[in-house]
Amino acid sequence: MASVDFTRVPDSVWLEILSYFSSDNLLLWTALPEIEIQKCEIFRRLFHLCGDKSLWKSVDWQGRISKPIILRKLIRFIGPYTTKIKFSGFDSTKKKKLKIPESILHSIQNRATHLKTLELVNCTLDYHETPLRKVPRSIEKITLDNVSWTNYPFVLTLRASPFFQLHKRFEKLKEIQVINGDKWLSRQDRNCLKTIQEQIKYDQGPLGLYAQSR
């Protein structure tokens, strides 16, 4: 069998292959040591190609538990061309979730100015960092799947619910899902989501918010 000369493979083919990689795997190639980059032409090409904007239109982070410094390295590849971001994290051995720090959310707000979808799976948020406010105005869908909120307040009224504020703040938001692990939601939060859903359905507006338990 004839050997394949990978140096002759076009960039378009490499980009097609790399499009199947998760964002955390792409990040590994962009973090290659200089000595590795210089000694191998394929490594040099992959180092540069993994930063191509076409690969970062949809960010799918499957790195599970990661230190904040690793997540911050991811931010430099996110930009106005990014329309979807998904963070998935879980350490099954320690039963820990991926913490999404305020700095990451703030950077996403500033850089991903055309973001439409944000999905958090097996993640932890801190209410004191006002995470629902730190997303771009362009957001259309938010999914919280098995998300834990620390310091979440006890909500006494519908208008006090963060979801009510979310509804008022983001005009383009069409959908928000709270799936699994939603015990932190108060009765008023649930009533707020239900009320907004019914209101939009009645008005036939573009926005539909609902909480879903599985």
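Thr130 is partly exposed, because its relative accessibility is 32%, in a model that is predicted. The residue sits in the loop that runs between β6 (123-126) and β7 (141-145). Its phi is near 40°, which is positive although the residue is not glycine. Most residues other than glycine have a negative phi. Asn146 is another residue other than glycine with a positive phi, here near 55°. Asn146 is found in the loop between β7 and β8 (148-150), and its relative accessible area of 22% makes it partly exposed.

The loop that holds Thr130 also takes part in a salt bridge. Lys99 and Glu129 meet through their side chains, at 3.8 Å from N to O. Lys99 belongs to strand β4 (residues 96-99) and Glu129 to the loop between β6 and β7, so the pair ties together parts that are 30 residues apart in sequence. Glu129 counts as buried at 16% relative accessibility, while Lys99 counts as partly exposed at 41%.

Strand β7, which follows that loop, has a salt bridge of its own. Lys141 pairs with Glu175, and their closest N and O atoms are 3.9 Å apart. Because Glu175 lies in strand β9 (residues 175-179) and Lys141 in strand β7, this pair ties together parts that are 34 residues apart in sequence. Lys141 is partly exposed, with a relative accessible area of 28%.

The helices come next. Helix α1 (residues 11-18) and helix α4 (residues 41-49) have axes that come within 11 Å and cross at roughly 65°. The crossing is right-handed. On the α1 side the contact is made by Asp11, Trp14, Leu15 and Leu18, and on the α4 side by Ile42, Arg45, Leu46 and Leu49. Sorted by class, the contact has six nonpolar residues, two charged ones and no polar ones.

What joins the side chains of Arg45 and Asp11? They meet in a salt bridge, at 2.6 Å from N to O. Arg45 is in helix α4 and Asp11 in helix α1, so the bridge ties together parts that are 34 residues apart in sequence. Arg45 is buried, with a relative accessible area of 16%, whereas Asp11 counts as partly exposed at 39%. The whole structure has five salt bridges, including the three described here.

Last come the cysteines. Cys123 is buried, with a relative accessible area of 0%, and Cys192 is buried at 2%. With a cut-off of 2.5 Å between cysteine sulfur atoms, the count of disulfides is zero.

Notes: Residues numbered from 1 in each chain as written. Predicted model: local features only at pLDDT ≥ 70, side-chain atom pairs only at ≥ 80, totals over all residues. Heavy atoms only, no water. Helix = DSSP H or I, 4+ residues; strand = E, 2+ residues; numbered from the N terminus. Buried < 20%, exposed > 50% of the residue type's maximum accessible area, 1.4 Å probe, protein only. Axes fitted to C-alpha atoms, helices over the stretch in contact; angles between N-to-C directions. Left-handed = near helix turned anticlockwise from the far one by under 90°. Contact = heavy atoms within 4.5 Å. Nonpolar A, V, L, I, M, F, W, Y, C, P; charged D, E, K, R; others polar. Salt bridge = Lys/Arg side-chain N within 4 Å of Asp/Glu carboxyl O.
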